[in-house]
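Please work through the following exercises with the sequence and the model at hand. Each task is followed by a solution in steps.

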Amino acid sequence: DGEMYLAVAQSVCEPTEPNAQCNHTAHPMSSILQWDRVHKRFSELLAYTDESHGKRFGGAPVRREDILVHQAALRISAGRVRQWSSIVVGGGDPGMGWPGVVEGGVVAGRMTLLIAASADEGALAYEFRFQEVVGLDGSAAATMSPLEDFVYVAAEDDNAISIFAAGQNYDITQRKVSHFRQLQVLSEEPLAGGNSIRAPIAYGLRGIRQLTHSLTTDCSGYKK
């Protein structure tokens, strides 16, 4: 994705200590950091890369004042990592999101794997991909559930309704990341950065501009 990342492993054992003496020891979690081009340092992961931002906003990079918005920590339980590596598997359009597996075991799309060679856990592979908030282009209306625990947003350009859970969201270091968490998107067609689970296809949403929410508790009018 054109970004620079730094993987840092930690251990309470000396590098030369035999496995038999160090195995089953609780080690600090490894940190995955990302280069912050504005402040010229490695820091916690950023919500947007210039590549993902550019796909939505005509090739424009993330604005300097927005670079740290919704920044979140990524930690991995990998033990004593001797070496890190990354590989790209699959082919096709890298913007397809989750590659999936089609008939015959052929992988469609592309994904990046972060590989850790751990003295404690062996070879560990992590899919280096993150969920994106989708379905908000052309947001025209929003409403909150009667109990104020969910927010619904209608997006005219994306022909979609987004559903968010309201509440404080924290990363693994207990840093407050956001006030809302996207649960699902209903859209007329597949959305860039979405997937079939969080963004299923729904019809009748094209050009949606208004949204209301009602809570019905009386089921007497329904027939069995």
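The exercises below concern a predicted model and treat its confidence, fold, cores and salt bridges in turn.

**Exercise 1. Confidence**

Determine the mean pLDDT of the protein chain, and find where the pLDDT is below 50.

Solution. Begin with the chain as a whole: its mean pLDDT is 80, and 82% of its residues reach 70 or more. Next, turn to residues 93–108, where the pLDDT is below 50. Beyond near neighbours in sequence, this stretch has 24 contacts in the model. Finally, residues 219–224 also have a pLDDT below 50, and that stretch has zero contacts beyond near neighbours in sequence.

**Exercise 2. Fold and surface**

State how many helices and strands the protein chain has, and give their order along the sequence.

Solution. Count the elements: the chain has two helices and 11 strands. Then read them along the sequence, which gives the pattern β-α-β-β-α-β-β-β-β-β-β-β-β. For contacts with a separation of 6 or more, residues 24 or more positions apart account for 51%. As for burial, 33% of the 224 residues count as buried. The accessible surface comes to about 14,200 Å², and carbon and sulfur atoms hold 53% of this area.

**Exercise 3. Nonpolar cores**

Identify the residues of the largest nonpolar core and the elements that give two or more residues to this core.

Solution. List the members: the largest nonpolar core has 10 residues, namely Ile32, Leu45, Ile76, Ala78, Val81, Trp84, Leu114, Ala116, Leu124 and Phe128. Assign them to elements: strand S5 (81–91) and strand S6 (109–118) each give two or more residues to this core. Apart from this core lies another, of nine residues, including Ala154, Ala202, Ile208 and Leu211. Now examine one member of the largest core. Leaving aside residues up to four places away in sequence, isoleucine 76 touches Met29, Ser30, Ile32, Leu114 and Tyr126.

**Exercise 4. A salt bridge across the sequence**

Locate aspartate 50 and arginine 37 in the chain, and decide whether each is buried, partly exposed or exposed.

Solution. The side chains of aspartate 50 and arginine 37 form one salt bridge, with an N to O distance of 3.0 Å. Place the partners: aspartate 50 is in helix H2 (residues 50–56), and arginine 37 is in the loop between strand S2 (30–36) and strand S3 (41–43). The two are 13 residues apart, and the pair links distant parts of the chain. Classify aspartate 50: its relative accessible area is 26%, so this residue is partly exposed. Arginine 37, at 27%, also counts as partly exposed.

**Exercise 5. Burial of other paired residues**

For the salt bridges of arginine 175 and arginine 206, name each partner and compare the burial of the residues.

Solution. Take arginine 175: its side chain meets that of aspartate 171 at 3.5 Å, N to O. Arginine 175 has 33% relative accessibility and is therefore partly exposed, whereas aspartate 171 has 8% and is therefore buried.

Then take arginine 206: its partner is glutamate 188, and the closest N and O atoms are 3.9 Å apart. Both residues are in the segment after strand S11 (176–187), 18 residues apart. Arginine 206 is exposed because its relative accessible area is 54%, while glutamate 188 counts as buried because its value is 14%.

To finish, set these pairs in context: the structure holds nine salt bridges. Bridges with shared partners join Arg63, Glu65 and Asp66 into one network.

Conventions. Residues numbered from 1 in each chain as written. Heavy atoms only, no water. Core = buried A, V, L, I, M, F, W, Y, C linked by side-chain atoms within 4.5 Å. Buried < 20%, exposed > 50% of the residue type's maximum accessible area, 1.4 Å probe, protein only. Helix = DSSP H or I, 4+ residues; strand = E, 2+ residues; numbered from the N terminus. Contact = heavy atoms within 4.5 Å. Salt bridge = Lys/Arg side-chain N within 4 Å of Asp/Glu carboxyl O. Areas by Shrake-Rupley, 256 points an atom, 1.4 Å probe, with all protein chains shown as cover. pLDDT = per-residue confidence, 0-100.
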